[in-house]
Amino acid sequence: MAFTLRQLQYFVAVAEQGTVSRAAQNLSISQSSVTEAIKELEGDLGVELFERHPRGLSITHKGHQFLRHATKILADVSDARRTFSGDPETVTGSLQLGVTSLVAGYVLSDLLARYRRAWPGVEVSAIEDNGDYLEHLLVGGELDVAVMVISNLRDRMALQAEILEVSPYRLWLPLGHPLVGADIISLADIATEPLIMLTIDEIEENTGKLLMALGTRPHVAFRTRSVEAVRSLVATGAGVALLPDLVYRPWSLEGDRIESRDVSGSLPAVQVGMVWRRGSSLSQTARDFIGIAQGQRTMRGR
């Protein structure tokens with residue numbers, strides 16, 4: 001029996017939420033329906049998509065590989081439906097986009113691919129830079145829309161923002177680390193650990209504030225602007241990392257496992273959203289892009 005779109009939607013929801021219960025809540029269905037759909041999907045594929053353990057579920061390597069296919073299939077179906085709502089070939093124009101480093105490879109790439117498939121006649125130009133500079137370009141009218149971290153948006157009077165995703169901070173650990181098996185992990189447990197610090201967007205600032213609140217300076221073992229470098233360093237035991245769940249992947253490029261755990265206490269969350277100049281007359285191309293992004297958010301929230 002071939003898998004269904006509903007099974008794919010349920011699988012993606014569980015992969016994103018981390019537990020069947022949270023996925024079921026977001027989907028507004030019973031946990032048993034989600035569990036049954038996942039089991040049927042695993043049976044059809046002949047692989048285990050999740051590892052079951054007392055704390056919930058963790059996606060397997062095969063599951064992580066299939067997740068990319070599943071999200072693409074669902075996006076393609078959404079694009080196919082949109083095709084019949086008009087004639088995308090006749091739409092022309094230009095779109096000037098901005099993006100911050102943290103979200104460039106995790107949010108914008110998929111949005112941009114879907115937009116180009118829907119409106120191939122629109123010329124898209126994108127620039128990656130820090131949030132302050134993108135705000136400057138938006139206010140000056142040099143960008144139509146930016147996809148960026150908006151948790152610390154500076155000029156909220158001049159700019160309008162809409163949240164696409166809220167991503168909590170979690171602790172990244174190498175396989176076999178003593179904290180992997182802990183029932184509760186506190187910030188105090190992390191204070192003495194060597195820390196791999198990601199220095200893009202607001203990550204370093206937020207992480208530093210968290211640990212400084214404990215009255216101790218963070219023990220930073222390595223600073224880098226590369227998320228892949230963080231993955232490799234954590235996986236090989238060089239340290240731990242506190243990062244938004246948005247950029248978590250369970251495997252490094254070398255194929256080493258990375259564990260992710262919740263931390264007790266009040267941790268910030270990264271808000272990713274669309275930003276445009278308040279009061280400006282948005283072009284049709286910009287409105288279409290915002291519509292694509294809103295559709296993506298709706299699909300994630302199912």
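Two residues are in contact when heavy atoms of theirs lie within 4.5 Å. Keep that in mind as we walk through this structure, which is a predicted model.

Let's begin with S101, a residue of helix α5, which covers residues 101-118. If we set aside its neighbours within four places in sequence, S101 is in contact with E128, D129, I200, D201 and R225. With one of these, E128, there is also a polar contact: the side chains of S101 and E128 are joined at 3.0 Å.

Now move to the start of the chain and find helix α1, residues 5-17. Does its length fit what we expect of a helix, and what should its 13 residues span? At 1.5 Å a residue they should span 18 Å, and the end C-alpha atoms of α1 are indeed 18 Å apart, so the two values agree. Just after α1 comes G18, which takes a positive phi of about 90°. Looking along the helix itself, you will find that its buried residues are Q7, L8, Y10, F11, V12, A13 and V14.

What does α1 pack against? Two packed helices are described by the angle between their axes and the distance between the axes. Helix α1 packs with helix α3 (residues 31-45) at an angle of about 110°, and their axes are 9 Å apart. Angles of 65 to 115 degrees count as roughly perpendicular, so α1 is roughly perpendicular to α3. On the α1 side, the residues that meet α3 are Q7, L8, Y10, F11 and V14. Their partners in α3 are S33, V34, A37, I38, E40 and L41. Sorted by character, the residues of this contact divide into eight nonpolar, two polar and one charged.

Stay in helix α3 for a moment and look for E42. Is E42 buried or exposed? Its relative accessible area is 10%, and since buried means under 20%, E42 is therefore buried. The side chain of E42 makes a polar contact of 2.9 Å with the side chain of R52. Leaving out neighbours within four places in sequence, E42 is in contact with V47, E48, L49, F50 and R52.

Our last stop is G208, found in helix α8, residues 203-212. G208 is buried too, because its relative accessible area is 14%. Try finding D189 from here: the two residues are 19 residues apart in sequence, and their C-alpha atoms are 15 Å apart in space.

Definitions and conventions: Residues numbered from 1 in each chain as written. Predicted model: local features only at pLDDT ≥ 70, side-chain atom pairs only at ≥ 80, totals over all residues. Heavy atoms only, no water. Axes fitted to C-alpha atoms, helices over the stretch in contact; angles between N-to-C directions. Helix = DSSP H or I, 4+ residues; strand = E, 2+ residues; numbered from the N terminus. Parallel < 35°, antiparallel > 145°, perpendicular 65-115°, else oblique. Nonpolar A, V, L, I, M, F, W, Y, C, P; charged D, E, K, R; others polar. Polar contact = N/O pair within 3.5 Å; in protein donor to acceptor, adjacent residues only side chain to side chain. Buried < 20%, exposed > 50% of the residue type's maximum accessible area, 1.4 Å probe, protein only. Expected span 1.5 Å × (residues − 1).
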